[in-house]
Amino acid sequence: MHPLLARPEFRRYLAGQTLSVLGDSALSIALGIWAKVLTGSNSAAGLVLFCFAAPLLLLPLGGLLADRVRRRPLLVGVNLIVAVGLTPLLLVDGPDRVWIIYCTASLCGLAGAVLAPAQSALLRTILTDRQDFGAAAGFTQSARAGTTLVAPLLGSGLYSWLGGHAVALADLGVLLLAALAFLGLRADEPRPEPSGLRWRTDVLAGFAHLRGATGLRPLVAATAVTGFVLSLLQPVLFALTQHGLHRPPQFLGVLETTEAVGALGGSVVGGLLIGRLGPRRTVMAGSVVFGLGTVLLLAPSLPVVTAGLVIAGAGIPAAMVGLATAAQAATPPQLMGRAQAAVNLSLTAPQALAVGVGSGLVAALDFRVVLAVMVLGALLAAAHLLGKPEAPTGPEAPAGTETSAEPAAPEEPESPTEPPAGSESPTEPPAGSESPTEPGSAPDLQRT
């Protein structure tokens, strides 16, 4: 067993995060199906997904909240609030109450804007040894990938078997278990102190940190580009299924599951390699692996395409392990929530845009041309990191942001030597004038 898994607080954290992600992912697919069944409208199902995704634009506010209160009680409270918020779903019995589904999806989306930065910030508090950052990123990413693989099957399967009310009750139980896992976690969290910054500056401090962290900024840019081209794959798979493999549209589910299996493998491998390669080379390797896997999708052969999806699916999770490790190491604990919110928004916004762009490209171009563009984009993302500085092993604090480092103690002034005979003794400062600065001291620029 890895030493990190032997620590009870990390096991409870991993259980709480996994259960929370499981509940959210299973519910999102189930509510979309429920809205489609009630209304007969594909747009209604799409609106459910929009209600889940739109509140993610509020991630900077969620990150600020995560940095201004203790994270463990926050995670417990948010999971309990969402669990209670699922109970109105028991009143849904016809199309005239589909609005309850939309409200519930919006509540879950708002909770996600808080849970993601709060979980990352709590993990930063738990991990006291920087050597554990890479392993923790591998474990959490693997758990997330595995949950994402099984959650849609659980959500859709349970809905088909017992209906929407059963899904609501089951999800409520999962979120209660997540809250209990976080409640049982023991973490030494200091009481957050006000930053003294203006509100707008405080909210955007995570983005300021990314701009100032010279080793972290290129990793975010490269991962965002790779994530963008990955999201182009979703609309491309429709064309690949029909025109490349000559299969019915239902076969798309098989291809997506294959990609998810690759994502799980990439998370595990990324966690194993991060200690040897370091964050920068791990992100580079993830981008290259995605590009190589995408090349195989050009072949009109199911076994080759299957192998390509497994390889391509492994790329982004491996890169995410590298990025998460660098973000944990480069960010002071009291800024971790906002920094993680900035990273998440920097990645999810281009991915959401890519789905629309990909749909337009597939309509205008042959899907093989789009695949070639994706390969080029992934390789350019990897090339962008060539020669870039390694990610820092300690927090970098740009001017104007908070820092956890204490100001350096002034050095003791050397004892004055006796003046040589005949030389003039140093004059005393005139009465009432300010004393000169002591040797070794510096003006304290740290904001308290």
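Here are a few short exercises on this predicted model, each with a worked solution.

Before you start, note that residues count from 1 along each chain as its sequence is written. Local features need pLDDT of at least 70 and side-chain atom pairs count only at pLDDT 80 or more, while totals for chains, interfaces and linings use all residues; side-chain values use heavy atoms, with hydrogens and water left out.

**Exercise 1. Find out which helices and strands the protein chain has.**

Step 1: Use DSSP runs, numbered from the N terminus: helices are H or I with at least four residues, strands are E with at least two.
Step 2: Tally them up, and you get 14 helices and zero strands.

**Exercise 2. Classify the ring pair of Trp-34 and Tyr-159.**

Step 1: Recall the rule: rings of Phe, Tyr and Trp (its six-membered ring) pair if their centres lie within 6.5 Å; planes under 30 degrees apart are stacked, over 60 edge-to-face, and the rest tilted.
Step 2: The structure holds four aromatic pairs. In the one made by Trp-34 and Tyr-159, the centres are 6.3 Å apart and the planes stand at 50°, so this pair is tilted.
Step 3: Place the partners: Trp-34 is in helix α1 (residues 8-39) and Tyr-159 in helix α6 (residues 133-162), so to speak distant parts of the chain, 125 residues apart.

**Exercise 3. Decide whether Trp-34, Tyr-159 and Leu-380 are buried or exposed.**

Step 1: Take the cut-offs: buried is under 20% relative accessible area, exposed is over 50%, and partly exposed is in between (1.4 Å probe, protein chains only).
Step 2: Trp-34 comes out at 6%, so it's buried. Tyr-159 has 14%, so that one is buried too.
Step 3: Leu-380, in helix α14 (residues 367-384), has 52% relative accessibility and therefore counts as exposed.

**Exercise 4. Describe how α5 and α13 cross.**

Step 1: Fit lines to C-alpha atoms, for helices over the stretch in contact, and take angles from 0 to 180 degrees between N-to-C directions.
Step 2: The axes of α5 (residues 98-126) and α13 (residues 336-364) come within 8 Å and cross at roughly 130°.
Step 3: Under 35 degrees is roughly parallel, over 145 roughly antiparallel, 65 to 115 roughly perpendicular, and the rest oblique. The two helices are therefore oblique to each other.
Step 4: Look for contacts (heavy atoms within 4.5 Å). Residues of α5, including Ala-116 and Pro-117, meet residues of α13, among them Met-336 and Gly-337.
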